[in-house]
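Hi,

Here is the structure I promised to pass on to you. Have a look at it first, and then read my notes underneath.

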Amino acid sequence: MADEIFDLFGNPVRPGKGQRGRPPYAATEKDRNKVKLLLALGWSNPRVAAAIPVSEATLKRYFRAELKERDQMRDRLDARRFEIVMEQANAGNVGALKELTKMLERSDLMRAGQRMEKPAGGKPKTKVERLGKKEQAQLDAEAAGAGDDDEWGSDLQFPGMVN
């Protein structure tokens, strides 16, 4: 392993790189973890492939299981963060206790927001009838003159003219 060559970013240079023919790709656990992290951060497939660095086809071939679980990766990352902070808090780390409190507050706010989006009693929301462009324009035109006189105010007056 001491003979292994690394590029500028710390990625090992595969044997045969720069020679004729395509060198075989071997997915490492480090690459798998990097793909999981980048998926948790919401990166697209081309961006993840460029970060490893492999082609998008190679990414899809060797990391199929990770790509299938793209939607769960963020939750897994957050769960792991909670786990680490909780371990540190249990060990008596005061900074970890403060961070745990912040994380719990953010989680509670997120849950409250999700509850507010759901209708009360679990009943589905009634569908609001949408108007077309012409119908909406007609309603806007009818309502425009029906408001207060102050609503239009100076827009309808010429300079120097008194009403």
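Below is what I found on salt bridges and on one of the pockets.

Before you start, keep in mind that this is a predicted model.

**Salt bridges**

How many salt bridges turn up in a search of the whole structure? The answer is seven, and I'll walk you through some of them.

Start with helix H3, which covers residues 56-62. Glu 56 and Lys 60 both sit in this helix, four residues apart, or about one turn. Their side chains form a salt bridge, with 3.9 Å from N to O. That one only just makes it, because the cut-off for a salt bridge is 4 Å. Are these two buried or exposed? Neither, really: Glu 56 is partly exposed at 31% relative accessibility, and Lys 60 is partly exposed too, at 42%.

Next, take a look at Arg 76 and Glu 69. Their side chains also meet in a salt bridge, this time at 2.8 Å from N to O. Arg 76 has a relative accessible area of 44%, so it counts as partly exposed. Glu 69, at 30%, is partly exposed as well.

Now move to helix H5, residues 70-90. Here Asp 78 pairs with Arg 74 in a salt bridge, and the closest N and O atoms are 3.6 Å apart. The two are four residues apart in H5, which means that about one helical turn separates them. Asp 78 is partly exposed with a relative accessible area of 24%, and Arg 74 is partly exposed with 41%. There is a bit more to this pair: salt bridges with shared partners link Arg 74, Asp 78 and Arg 81 into one network.

**The second largest pocket**

Those three residues come back in the second largest pocket, where Arg 74, Asp 78 and Arg 81 are among the lining residues. The pocket has a volume of about 230 Å³. The rest of its lining is made up of Asp 75, Phe 82, Met 103, Arg 106, Ser 107 and Met 110.

Which helices supply at least two residues each to this lining? They are H5 and helix H6 (94-117). H5 gives the most, with five residues.

As for chemistry, the lining splits into five charged residues, three nonpolar and one polar. Try finding the network of Arg 74, Asp 78 and Arg 81 in the viewer, and then look for the pocket they help to line.

Cheers

Definitions and conventions. Residues numbered from 1 in each chain as written. Predicted model: local features only at pLDDT ≥ 70, side-chain atom pairs only at ≥ 80, totals over all residues. Heavy atoms only, no water. Buried < 20%, exposed > 50% of the residue type's maximum accessible area, 1.4 Å probe, protein only. 1 Å grid on protein atoms, 1.4 Å probe; cavity = no way out; pocket = protein on both sides within 12 Å on 5 of 7 lines; lining within 4 Å. Points joined across faces, edges and corners; volume = space filled by probe spheres on them. Nonpolar A, V, L, I, M, F, W, Y, C, P; charged D, E, K, R; others polar.
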